[in-house]
Every structure is written in C-alpha cells, then in structure tokens.
Amino acid sequence: KQHDRSFDGTGYEVYDSFQGLSEPQPKDALEPGADELVAQSLVAGKFAFSIERVQQSLSGFPKVTYGPGWIPQAFPKDERQYRFVHVDVDLYQPTRDSLEYFWPRLVPGGVLVCDDYNWSGAKRAVEEFAAESRAKFSVTPHTQAVIVR
C-alpha cells in the first residue's frame, strides 16, 4: 500500500494450519547453543492464530487467498508457478515439504526465503534439500535462508 494505494493482495496466498506448530519430531532436536527463544518455542500448538485473526490483520488486502490446513495437504494440487515464496513453518518436516512443493514451481529467477534458518529442524531441511537438489542458498544477517531459482 505504501508504494501502490490500489494494491489489494491479488496474487498473494497464505497456507497455514492456523493451529500453531505441529508436533516437533526428532529432526527438530536443538543443536548445542540454540537460541533460547527457539528452545522455549519448540512446542506443538505454539504460535497459533485463528484464520479470522489473520484475515482481520490483513483486512486491507481483501484479495489475499487462504489455504487452511497442515502442510503439505493445504497446498494446491495444480501446477501453478510462483515468483516469491516466504516459508515460515519453523520445523523440519513442514519446511522440507514446503521446499519440495515450491522449488519445482518457482519460476527462473524466483526467490524462496526460509525464515527459520536459526531453527535446527528448518536448517537441517534447507541444508539437506540444497545438497540433494543442488540448489544454492545464502543466509541473511537475520538468519533467513534465501534460494534463487
């Protein structure tokens, strides 16, 4: 809205359980010296916000679409493509599932950002995925992994 007053959210999609974190699994085990906030937050149900609350927060963007459900089941089954993807799911399996879903659908030059590279499980998922797919990534000073197709 700052740059385009008419922007209404067209083309933006939000996929979320709206039930908070799923149950952490063994691959989410914290590395030594893990961030204290991460350590305290590694709990199923943490960060839960109802879809109504999220829609209210984004009410200035009425054309944003929502895909409620657990990842990857919430993702569309079609072959749509993406220019920018922001993954913020904290844990190994939903991060891995997101990378596997979005990477082949990312257009050349498209960008995928994983917000949670400071979370052990998400970091493992990014590193494993990058090694297997030969995708190169960089890490921002704010601990986000960035992959460009």
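**Exercise 1.** How many residues lie between strand 5 and strand 6 in their hairpin, and which residue in the turn has a positive phi?

Before solving, note that this is a predicted model, where local features need pLDDT of at least 70, side-chain atom pairs count only at pLDDT 80 or more, and totals for chains, interfaces and linings use all residues. Residues are numbered from 1 along each chain as its sequence is written, and side-chain values use heavy atoms, with hydrogens and water left out.

*Solution.*
- Find strand 5 at residues 137-139 and strand 6 at residues 145-148; strands are DSSP runs (E, at least two residues), numbered from the N terminus.
- Five residues separate them in the hairpin, and Thr143 in the turn has a positive phi of about 60°.
- Three bridges join these antiparallel strands; two strands pair if DSSP finds at least two bridges between them.
- Ser138 has Val146 as its bridge partner in strand 6.

**Exercise 2.** Work out the strand order of the open sheet and find its edges.

*Solution.*
- Strand 4 (residues 106-114) runs antiparallel to strand 6, joined by four bridges.
- Cys114 stands opposite Ala145 of strand 6.
- The four strands follow the order 3-4-6-5, with mixed pairing.
- Strand 3 (82-87) and strand 5 are the edge strands, each pairing on one side only.

**Exercise 3.** Which strands does helix 4 lie across?

*Solution.*
- Helix 4 covers residues 120-133; helices are DSSP runs of H or I, at least four residues.
- This helix lies across strand 4, strand 5 and strand 6.

Conventions: Contact = heavy atoms within 4.5 Å. Axes fitted to C-alpha atoms, helices over the stretch in contact; angles between N-to-C directions.
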